Amino acid sequence: MTDVLFLSREQLAALVADLVAADTIVIGPARAGGPAIPGLEDRQQGVAKGAFGTLEYREVRSADELELGPGMPRLSLKQFFLPQNEKLFSWQQKGIAVEVQAVPTAFAPRVILGGKPCDVAALGIVDKVMNWDYQDELWNARRAATTIFALSCGVEDQHCFCTSVGVAPDSTKSADGLFTAVDGGFLVETTTDLGREFVDKHRARFAEPPGGAVEAGTAFRAAALAKVRENFSFNTERVHDWVENHFEDPFWATLGVRCNGCGACTMVCPTCHCFDIVDEEEGVGCGSRRRCWDTCQASKFTAHASGHNPRGDQIARYRQRVNHKFAIYPTKFGEVLCTGCGRCVRTCQMGQNIGEILVAIDEYAQKDTQ
Amino acid sequence: MSEEFEPRITAFVCNWCTYTGADLAGTSRLHMASNVRIIRLPCTGRIDPLFVIKAFERGADGVIVSGCHPADCHYTAGNYHARRRFALFHDLMAFIGVDAERITFSWVSASEGAKWRDVVNEAVANVRRVGPFTAYRELIDQSVSADHPLDDEVLAAAAASAPATSGDSKTGDGA
Amino acid sequence: MKELRDLARQLLTDGTVEVVVGWQSSARGARPIFVDKPEEADLLIFDTRCVHNLATYLNPRRKQVTDLGKLALVVKGCDAKAVAGLLREAQLTRDRVVLIGVRCGGVVEEFDAPVPPEISAETIMPRCYGCDNREPHLVDHLLGDALPEPPAPLLSIEKRIEALEAATPEQRWEYWTAQFAKCVRCYACRQVCPLCVCERCVADKSQPQWIETASHTRGNLSWNVTRALHLAGRCVGCGECERFCPAGIPLTLLNRKLQQVVEERYEYRVSDDPEVAAPIGEFRLDDQQEFIK
């Protein structure tokens, strides 16, 4: 890590203004900018409360829109790298010929300010599968175009468990730098060349930290670390081994029977990356190939053309979710496919609780060895 | 626009009444707008709201749905079922904000060639007034990924003006 | 609720059912539980956090539930209407399920609260307001004390529909296309809906592909509108679709709007009497047709 600098709130506003003026897209946590019913007060929009407040990651045009504090955006940063629907190419019939139109595979630079460390760390984990047997150009191009500053987290609630999966409330995994909120602004550290280049380019906005700020930042981070450790914890290696060796355990049935297969957990998850590819005719003689988010919890996810479905019930599908994230992916890529953000727990409306499940598995694993 | 907008109207009509009525309009050499493409179905009871949605997706600016008068359905009750279905679809489309002028429902019998002409002319005039429904077709293009894709021209210009490149960004074909 | 626990224990002990599906308390507040042992009947609760429509588990495609055998289901009024819907459409035979009805005064949005919140205008789930089935009829047992009518929420579904109808078509279009842009096509709405039980949903039909499967706004509009239309006259207003939606789309507005249309045009309200036929599939010679030329 390089020297710690300080970015006051005023300078942050100026920085964002500079970036926007230079046509650089700025993304960060903001109040959900969604549509409003005309004639109704803003607070009474009555959007389904769901499990979250009203934050979302989105493009912002000024620092006023940024909410760099407590609160977890509804969806993760995933949509900015693997959009929920993305064109891969399109075609146009011209007489008897067909013209294929490629999509751009390069993007203008953009900045994420204030990503939750769990959301940011997820990107590096997914990088591995995106560069495994096929180099995913679109994912990689968006990653290359984006400078990311994470924001030290104060721990959202009792469902967070980042420290159990190798992340932390102040983790800089996959980040180019870290903001930590202190009085009047943010401490800023950079951890990569890209981060350093960004700060150098806007050096006038950054100053030396005022007296006491560094200590306050360190205290905040230490408190957050202690707080998340109080939630619950489990050992990922023990979980990995138990899951690998208990494919037919009756435990899976108790989980699968409650699950609706709605897939909300996979949609809000920062590390879930499964997608479907469809070729669709979209007009007369024209169409495109697109990829869209898919969910292993859907009944048709593993349906074969023959009619056979190897994961034909929800028990098998729910088991798959835990298996993939905590056994298969670590075996293949050396990392757990989870950053402990807790969104799946908060969003599940039937009360499935991955924390509860992992702690239970860890206990079974420990009993096995006794 | 120098050219006046010519609406594209798709008409879903039942074979026994409206299709025959439209034929009668033709053989009677009645003059009417030529913007309508007719899709013949056995009965209005066969018409699924998805047909109308598909028509808008594929380029229709307006849709006509027409069949036998109540009590005259060739299959006895098809149009009664359709009537309820159409009512729901009509009310829901209005609630979504689709201009009511774009979807026309009518009962046109086999002997009502003149009525078909009037329905067609009115529908075309209404849709011409509200304009092309490109807003619907373009719903396919909204992006949530907050990025600026760089097309080949921009990249080529950037490459030409910056001799010492980092070699990170790639050009070329997609997928 | 002691009555509930005693009844469940009894049904399991004397073998009337293999499993009782109800609610339990957990780290995430109230959530469904499948009790198959009499001693676990003590885990059953019923309080203001019990928002879930358990009738969704009666979906005949859910092999992992049908495999459990004959079940008893705890149902509120809205849940009972859903069961009636399944019976009406021959998706369920009455002998497959024992229905334990509970009298309900409304549920809260915060089903994950550690302690059951009191019902008030601030806490009530908007879809509870105006409930006409607080004492479910289609049940084998009816438990609990009669509770007062749910209060009006701060902003009811009806008020929001009214506000939308008062707006211009352009404003409505802008509102709904922005909502549909958020849809990620997880189909959570469909999965949880107790009446979305089609063996092959029209969205999954690919020869031809009627509903564009890609999750762009246009395909999402097709999906959400079609689902609303397929539920017209069948939707029981349980609000689960909206609760489940991870994108926060106000689906109850679409469903309630069609409920209003069906009530106004065909004088029909969904009931928990499976003998009363649904309006789509029926017709009257003098049905309204003012919109038809």
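The questions below look at how chain C meets chain A and at how chain B is built, in a predicted model. Residues are numbered from 1 along each chain as its sequence is written, with chains lettered from A in the order in which they are written. Because the model is predicted, local features need pLDDT of at least 70 and side-chain atom pairs count only at pLDDT 80 or more, while totals for chains, interfaces and linings use all residues.

Q: How many residues of chain C are in contact with chain A?
A: Two residues are in contact if their C-beta atoms, placed from the backbone, lie within 7 Å. On the chain A side 44 residues take part, and on the chain C side the number is 47.

Q: Which element gives the most to the side of chain C that touches chain A?
A: Helices (H or I, at least four residues) and strands (E, at least two) are DSSP runs, numbered from the N terminus. Strand S2 (29-35) and helix H4 (157-166) of chain C are among those that each supply at least two residues. With 5 residues, the element that gives the most is H5(C).

Q: What pattern does chain B follow along the sequence?
A: Chain B holds 6 helices and 4 strands. Read along the sequence, they follow the pattern β-α-β-α-β-α-β-α-α-α.

Q: Why is chain B described as more spread out than a compact globule, and what is its radius of gyration?
A: The globule rule (2.2 Å times the number of residues to the power 0.38) gives 16 Å for 175 residues. Chain B is more spread out than a compact globule because its radius of gyration, taken over C-alpha atoms, is well over that value, at 23 Å.
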